[in-house]
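Here is a friendly walk through one protein chain. Please keep the sequence and the 3D view at hand while you read.

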Amino acid sequence: MAQRAYYRLPDEPLPSGLSRYATDPLWPLLTLMLAGGGFGLLWFAFNAAALGSPTRWREWGCVALSALGSPALTAAVMIAVGFGWLAPAMAPYALLSVLALKVAVAYALYLMQQHTFEVWEHYGGEPRNGLPLMVLLAVVGRGALDLAALPPLLRAALQ
């Protein structure tokens, strides 16, 4: 019985039924900046599956880190102020750590997906234009988030 030899590139995207919806990772990054972390992170997670990214589990871990880390940092700052460990005047500076976490994770996600996207596109993948969805989410989605009365920790994760 002949064995079939498979050669697989470690960076090779895995075929996915969602690949017709894949976009350049620039669009989720811009969405994260303009529409908020919730929409951008969801798009990054979906794009990882659509691209068949070999690092998708790592990317989904980054999404979870940002989605769970932002409320955790916000809660830590509120607790520190509440117990007097942090002066209330210093709280806005401490809350910059939430923004730093979101930006760092978004940039890491962009770099991971950009490499996979380039390989995927080189081998014939045709990306969707993400501009219309980004504009829709930035205008309508952001407006809806601003109007909704959300708890502070959920707001920290989504915005």
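## A definition to begin with

Residues count as buried under 20% relative accessible area, as exposed over 50%, and as partly exposed in between. Asp146 shows the middle class: its relative accessible area is 46%, so Asp146 is partly exposed. This residue lies in helix α6. The C-alpha atoms of Asp146 and Leu26 are separated by 24 Å, with their positions 120 residues apart along the chain.

## The chain as a whole

The model is predicted. Its protein chain has seven helices and zero strands, so that the order from the N terminus reads α-α-α-α-α-α-α. The C-alpha trace spans about 70 × 35 × 20 Å along its principal axes.

Of the 159 residues in the chain, 38% are buried. Among contacts with a separation of 6 or more, 73% are between residues 24 or more positions apart.

## Helix α1 and its partner α2

Which residues of α1 are buried? They are Trp27, Pro28, Leu29, Thr31, Leu32 and Ala35. The buried residues of α1 pack against α2, α5 and α6, the last of these covering residues 131-147. After α1 comes Gly36, which has a positive phi near 115°.

The axes of α1 and α2 are 7 Å apart, and the two helices pack at an angle of about 165°. Because angles over 145 degrees count as roughly antiparallel, that is the description that fits α1 and α2. Their crossing is left-handed. On the α1 side, the contact is made by Trp27, Pro28, Leu29, Thr31, Leu32 and Ala35; on the α2 side, by Gly37, Phe39, Gly40, Leu41, Trp43, Phe44 and Asn47. Sorted by class, this contact of α1 with α2 has nine nonpolar, four polar and no charged residues.

## Helix α2 against α5

Helix α2 takes in residues 37-51 and helix α5 residues 96-122. How far apart are the axes of α2 and α5 where they pack? The distance is 11 Å, and the angle is about 25°. Angles under 35 degrees count as roughly parallel, and α2 and α5 are therefore roughly parallel to each other. The crossing of this pair is left-handed.

From α2, the residues in the contact are Leu41, Phe44, Asn47, Ala48 and Leu51. From α5 they are Ala106, Leu109, Tyr110, Gln113, Thr116, Phe117 and Trp120. The contact of α2 with α5 divides into nine nonpolar, three polar and no charged residues.

## The nonpolar core

The largest nonpolar core has 13 residues, and Phe44 and Leu109 have the most contacts inside it. The elements giving two or more residues to this core are α1 (26-35), α2, α3 (56-82) and α5. Helix α5 contributes six residues, the largest share.

What does Leu109 touch beyond its neighbours within four places in sequence? Its contacts are Leu41, Phe44, Glu59, Cys62 and Val63. Leu41 and Phe44 also appear on the α2 side of the contact with α1, and both are in the α2 contact with α5.

## Two buried residues, Thr55 and Gly69

Thr55 lies in the loop between α2 and α3. Is Thr55 buried or exposed? At 19% relative accessibility, Thr55 counts as buried. Its contacts, leaving aside neighbours within four places in sequence, are Met112 and Thr116. Thr55 and Met112 are 57 residues apart along the chain, and their C-alpha atoms are separated by 7.4 Å.

Gly69 is found in helix α3. With a relative accessibility of 15%, Gly69 counts as buried. Not counting residues up to four places away in sequence, Gly69 touches Ala64 and Leu101. The C-alpha atoms of Gly69 and Ala156 are separated by 9.5 Å, although the two residues are 87 residues apart along the chain.

Definitions and conventions. Residues are numbered from 1 along each chain as its sequence is written. This is a predicted model: local features need pLDDT of at least 70, side-chain atom pairs count only at pLDDT 80 or more; totals for chains, interfaces and linings use all residues. Side-chain values use heavy atoms; hydrogens and water are left out. Axes are lines fitted to C-alpha atoms, for helices over the stretch in contact, and angles run from 0 to 180 degrees between N-to-C directions. Helices (H or I, at least four residues) and strands (E, at least two) are DSSP runs, numbered from the N terminus. Angles under 35 degrees count as roughly parallel, over 145 as roughly antiparallel, 65 to 115 as roughly perpendicular and the rest as oblique. A crossing is left-handed if the near helix is turned anticlockwise from the far one by less than a right angle, and right-handed if clockwise. Contact means heavy atoms within 4.5 Å. Ala, Val, Leu, Ile, Met, Phe, Trp, Tyr, Cys and Pro count as nonpolar, Asp, Glu, Lys and Arg as charged, and the others, Gly among them, as polar. A nonpolar core is a set of buried Ala, Val, Leu, Ile, Met, Phe, Trp, Tyr and Cys residues joined through side-chain atoms within 4.5 Å. Buried means under 20% relative accessible area, exposed over 50%, partly exposed in between (1.4 Å probe, protein chains only).
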